[in-house]
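Trainee: I should like to take a close look at a single part of this model. Could you please guide me through the surroundings of the DNA strand and then through the neighbouring features of the chain?

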Amino acid sequence: MSDSLSKKISSLMKERNWTKMTQIQEMAMEPILRGNNTLIIAPTGFGKTEAALLPILSLMSEGEQKPVSLIYVTPLKALINDITIRIDWWASKLGFVVSRKHGEVPQKEKNMRLRKAPHILVTTPEGLEIDMDWASKFRDNYRNVKWVIIDEIHELMGSKRGAQLFVLLERLKDFSGKDFQRIGLSATISNEELVANTLFGSSSRPKTIVKSEAGKEFRLKIRSIKDSGDVWVASAKIIKESLEPPTLVFTNSRFLTERLHEELERLGEKGIFVHHSSISRDSKSNAEENLRSGKAGAVLCTKTLELGIDVGKVKKIIMYRPPPSVASFLQRLGRSGHCVGGIPYGEIICVQDFDCLEALAIYSLSRKGKLEPPRRVRPLDVVAREILGMLLQYSSIKLERVFSIITASQVYRDLTREEFQNLISYLQRNNLVVVEGDELKLGKSFFKIWTFNRSNNFVWAKNFSEFFSLISNDDAFTLRSGEKIIGEIDAIYVYKHIRPGDLIRISGKLWKVARIHNGMMMVDLTPADRGEGEIPIWRGEGVPKSQLIPREIQELFKIGDKILESEILDDSAKASLKALMEKYVRSKLPLPSSSTIYMTVTDKETVYSTLIDERVANTIAHMLMYLASSKYTLNVYTRASIYGFSINITDRDLLRELVQMKEERIRKILFRSILRSPLFMSVEKEIQASFGKIGKINPKEDKLIIKEGLRQTVKRYFNIKGTLTTLKRIREGKIRIVRSELTPLGEAVLSHAPIKPWISGINILIYDALKGGAYTVHEISEMLSIPPRSLEVKLKQMRKTSTKYRVTSFVDVDSKEIRWCTVDELKQLVNSDEFYTSFAPINEDETFIAEMRSIEGSSNTELIFKPKQILENPEEFAKRIPMDEVGELRIHDPVDPMICNMSPRYYFVRRDIVPYLLLNASAYIQNLKYT
DNA sequence: GACCTGCTGCGGCATG
């Protein structure tokens, strides 16, 4: 077959001793040479890159090439580096220039690319976005594009990054006027038609899908931890026992990689590394390097090593607890067995009995060739960004052209004219765009939101570079030792748990906390060699469990005891499964299925256990939480998993109550509980800047954001249709509710982390936390696990008149910190031992001026007073305040006007507490002046 | 105890 490649390529192959092409390379060659759009599906390590590259290089070498002929897009920076080197080996010998572009490419190299445009460019979706939007000069090279390769396309399906890239391809087509050839490389994925259509978009070239049959064979064992003692020791022992260097040990959390590393080290195991997203690039590279060179016995990792990074020859895969989906199972397993003739080989280690069920279900699904289909998404915030991108590119563009480019992509092919028009009007209202006749222009707000100098601007401003990426970030502290970056931890975890002097474990090493720089969000560490270090917990979003799993478990239960005959279960796993099933038999209960819900009332929670789509469980859980909160308001929590849901209410059957409600009311509760969930709030926050909305979202003005936020939230976390069907089936008796003792799957529900109440109930929580004291933002943040920044915003809102739970703040004269308390308790605090000094001026006879502005800002009043007058009778003094509510309160020193600047300001102050805050201000000023 | 991914170009100035 390699005869069809150009002579140059064939001789290069000989030079490399490539006598034989892999199956997928053979299969892909013809269609690519023919100019077809081609989707290549094969597991990692079967030479997909070369399958696409060699025929293209062959075509390239047969004619004259102007830069940029080939764009190679891949979602990871590490892959860009890797692939650039691989491509360059061939390209340089053919006289083609290759360059790479991503955020970490050194400036020198970036400049080189701009000076001498390459024939082949390797970049990220974001890199392409930057060039299209912003690289006014380099962009012209894109007019010559003939081929685009999208690598690891399965990673981009169903995500905003993917939607962004697929629109970019249409923009590229429109800009270049060329129907370039599109080639996609994907791991095994279901619904390949959808993937192909999404990639090929509006291209009119013939299409081909080639799929490798390789990688279907594998060896797997499912084991279970029998040990009833310490689970960590038992886990480490079983891992140690099954290591066959080099081994990759996959876990489902960053915490677990660190924790197991610690335990393995205790067992004397050497040459074990950790690899996850919160350790520095250097540590990760180090682990990869040791793995490739054979020095590492094992690497404990999360999904970071599931992706296409080259890890060399891995002998065995251990999955510590089952992976979340079949796709991820196959990807993980596929990281081994790349040795010639080798087949993937590994095992799943189960900790809980139900882990064995999941493991067996995943195995069984993979045997049947079933995989999770890619999700269809159609995010409007991405449309908004792409419109803005086109406006950066063209400065003025016809509305009609924008619409046709966007709807040319498969992702947005059903975007209606009306939706588009609504979006444009909304962007126009927020000054992100300007409409002039049928032309669209960039509005003034754009560079206010995406700014070049963030420090000079308001809190909503983002760095300009963030415009190009659709991945949002949470607050985190960077950990460093000297100049070296070690990793990062969630900001909230630092506030809550980390203090100077503490020992922590990260990156498989022990460290002592030297200093915490709050402003820079930085923690200084020094290496430590002895002691117990705390391992941080990163609170991210969970990996959603595949909905195929609960369905498959139900299928497994249908064959009953026979599942124990599966040869991939070792004795320990068989024992676990047997024990699990026997518990049902002994209680004379049918084995779990989606048509039975076991209801168990424990001392704290009512548990509803069944086999259910995780999103349906999550939706019902949120509805129960809504019902519970309307009566109990505080301390409500719930749990949701593929094994059911629970609520911490034990004296009522809330599920029964919910089911018996009228359809209309159920729908109302459903939407209200979603709109109230923190999940919705964070989605809203994530998308609002893309629409030009800054500040608080207004239900009347910002319907578009609310609607889109709701749509995205539901898509990601909830399942409305499934929930309504489930509730209906319960009502109709098609799903039975059976009261029982706690079942094994009921225990599985309880082992899930609780879901806490929604943010809007937070006012009550904060108010409650403040009761009986006065606290700084960081103290409250620790108590409630709320990030300080959002907490402060919340506290400031809670000062206002309209709030039921009203708070106020004063300066702690001793520590110079701002403390918050409830308005009603301020008077008590004034007389308390703890805060007495903050309200006791040193000189009661000094004269001050109180400047008071009304809430509307219309009137301004000055009041001259001496602290003594207040102390004599605060209530009487309050009568002299000319308004019920003071919008802004400031104190001046008539003698020393400079003091003005130091004077604390108070906002939204109720008349009766004004006297006390005046005492606080005078005490503070005098403290500054006299001590 | 709950994953991962990404992030200014261009032109003009000064300096060696």
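Mentor: What follows begins with the DNA strand and then turns to strands, loops and a helix of the protein.

Please keep in mind that this is a predicted model. The domain assignment divides chain A into six parts: domain 1 (7–211), domain 2 (219–368), domain 3 (380–468), domain 4 (476–527), domain 5 (587–750) and domain 6 (762–930). To give a sense of scale, the C-alpha centres of domain 2 and domain 6 are 56 Å apart.

Let us consider DNA strand B. It is surrounded by 41 residues, and the closest are Lys-77, Lys-101, Phe-138, Asn-473 and Gly-540. Of the atoms of DNA strand B that come within 4 Å of the protein, 61% belong to sugar and phosphate. By character, the residues of this surface comprise 15 nonpolar, 16 polar and 10 charged. Helix α6 (residues 125–134) supplies the largest share of the surface, with three residues.

Individual contacts give more detail. Phe-138, one of the closest residues, places a backbone N or O atom 2.6 Å from a phosphate oxygen of DNA strand B. Thr-302 uses its side chain instead: an N or O atom there is 2.7 Å from a phosphate oxygen of the strand. Ser-465 faces another part of the DNA, for an N or O atom of its side chain lies 3.5 Å from a base oxygen of DNA strand B.

We may now turn to the strands of the protein itself. Strand β5 (147–150) is covered on both faces: Trp-147 and Ile-149 are buried on one side, and Val-148 and Ile-150 are buried on the other. β5 runs parallel to β2, and four bridges join the two. In this pairing, Leu-70 stands opposite Trp-147. β5 is also joined by four bridges to β6 (residues 181–186), again in parallel. There, Ile-149 has Ile-183 of β6 as its bridge partner.

The loops beside these strands hold some notable backbone geometry. In the loop between α3 (48–61) and β2 (70–73) is Val-68, and the peptide bond leading to Val-68 from Pro-67 is cis, with omega near -5°. A cis peptide bond also joins Pro-245 and Pro-246, where omega is about -10°; Pro-246 belongs to the loop between α9 (231–242) and β9 (247–250).

Positive phi values deserve attention as well. Glu-152, in the loop between β5 and α7 (160–176), is a residue other than glycine with a positive phi, near 50°. Because its relative accessibility is 9%, Glu-152 counts as buried. Met-521 is also a residue other than glycine with a positive phi, in this case near 55°, and it sits in the loop between β22 (509–517) and β23 (522–527). Met-521 has 15% relative accessibility and therefore counts as buried.

Finally, examine helix α13 (residues 353–367). Its 15 residues reach 22 Å from the first C-alpha to the last, close to the 21 Å expected at 1.5 Å a residue. Because 13 of the 15 residues are buried, α13 is largely enclosed by the rest of the structure. After α13 comes Gly-369, with a positive phi near 75°.

Methods:
Residues are numbered from 1 along each chain as its sequence is written. Chains are lettered from A and ligands numbered from 1 in the order in which they are written. This is a predicted model: local features need pLDDT of at least 70, side-chain atom pairs count only at pLDDT 80 or more; totals for chains, interfaces and linings use all residues. Side-chain values use heavy atoms; hydrogens and water are left out. Domain bounds come from an automatic or database domain assignment. A residue is near a molecule or strand if one of its heavy atoms lies within 4 Å of it. A polar contact is a pair of N or O atoms within 3.5 Å; within protein, one must be able to donate a hydrogen and the other to accept it, and residues adjacent in sequence count only if both atoms are side-chain atoms. Ala, Val, Leu, Ile, Met, Phe, Trp, Tyr, Cys and Pro count as nonpolar, Asp, Glu, Lys and Arg as charged, and the others, Gly among them, as polar. Buried means under 20% relative accessible area, exposed over 50%, partly exposed in between (1.4 Å probe, protein chains only). The expected span of a helix is 1.5 Å times one less than its number of residues. Two strands pair if DSSP finds at least two bridges between them.
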